[in-house]
Amino acid sequence: MNINIFFLAILAGLLMIFLGFKPLDIKQQEFIDVPVFQLNSFTLHEFDDKSLVTLMKGAKGTRYADRYEVSNIDYTDNSKKYIANMRADNGLYRDIDDNVDLKGNVFYNREDGLIFETQEATYSKKTSIAKTRTSYVMHRGLNRATGSDLEYNNKTNKIKSKNIKINYKLKEKK
């Protein structure tokens, strides 16, 4: 056999492989948002050097790198003058900005008796501001207010809202 024919046969075989076969198109899945751990029926305590700062309870919680997703959340902020407790069907606590997003049957209760109820709200732990862009019902004792777009500051005890209707019971002087 002639050496030229041998190399031509090898070249023809390699050319057929090159033209006939295509590389496998392997799709790689990137796991960007992988849960770190999951908890069922849990209580999370956050302490500083003086006392309990935050208490979060839930029926089911999933911890990601930057947040907690919690069902049946019960979140208590004890870091300010008044203790604020929030409950909702679902909650999202973000570590980056210390915000709690609440959705579904939100119930906000402050230590001095102020309560508001809505369907979704956001609470900032840094600024102590609770906000909702949906309709709400707020009450303290027999006094009751309804409206929309509520912004409540737990530090300064100031409330901003739109479309307000108030039923206020006046106290008589003796």
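**Aromatic pairs and paired strands**

Phenylalanine 6 has a relative accessibility of 39%, so it counts as partly exposed. That value, like the others here, comes from a predicted model. Phenylalanine 6 also has an aromatic partner: the centre of its ring sits 5.6 Å from that of phenylalanine 7, and with the two planes at 65° the pair is edge-to-face. Across the whole structure, a search turns up 6 aromatic pairs.

Another pair brings together tyrosine 68 and tyrosine 93. Here the ring centres are 6.3 Å apart and the planes meet at 40°, so this pair is tilted. It ties together distant parts of the chain, since tyrosine 68 belongs to strand 3 (residues 67-77) and tyrosine 93 to strand 4 (residues 84-94), 25 residues apart. Tyrosine 68 and tyrosine 93 are both buried. Tyrosine 68 has a charged companion as well: arginine 63 lies over the face of its ring, 4.5 Å from the centre. A similar arrangement involves arginine 67, which lies over the face of tyrosine 64 at 4.0 Å from the ring centre. Elsewhere, Tyr108, Phe116, Tyr123 and Tyr152 come together as one aromatic cluster.

Back in strand 3, there is isoleucine 73 to look at. With a relative accessible area of just 2%, isoleucine 73 is buried, because anything under 20% falls in that class. Its C-alpha is 6.0 Å from that of asparagine 90, although the two residues are 17 apart in sequence. Asparagine 90 is one of the residues in contact with isoleucine 73 once neighbours within four places in sequence are set aside; the others include Met56, Lys57, Met86, Val100 and Leu102.

The later strands fold back on one another. Strand 6 (residues 115-124) and strand 7 (residues 129-140) run antiparallel and are joined by 7 bridges. Within this pairing, tyrosine 123, a member of the aromatic cluster, has alanine 130 in strand 7 as its bridge partner. Strands 6 and 7 make a hairpin with 4 residues between them, and serine 128 in the turn has a positive phi of about 60°.

Strand 7 then pairs with strand 8 (residues 143-153), again in the antiparallel sense, this time over 10 bridges. One example is lysine 131, whose bridge partner in strand 8 is glutamate 151. These two strands form a hairpin too, with 2 residues between them, and glycine 141 in that turn has a positive phi of about 65°.

How values were computed. Residues numbered from 1 in each chain as written. Predicted model: local features only at pLDDT ≥ 70, side-chain atom pairs only at ≥ 80, totals over all residues. Heavy atoms only, no water. Phe/Tyr/Trp six-rings, centres within 6.5 Å; stacked < 30°, edge-to-face > 60°. Buried < 20%, exposed > 50% of the residue type's maximum accessible area, 1.4 Å probe, protein only. Lys NZ or Arg CZ within 6 Å of the ring centre and 35° of its normal. Contact = heavy atoms within 4.5 Å. Pairing = 2+ DSSP bridges.
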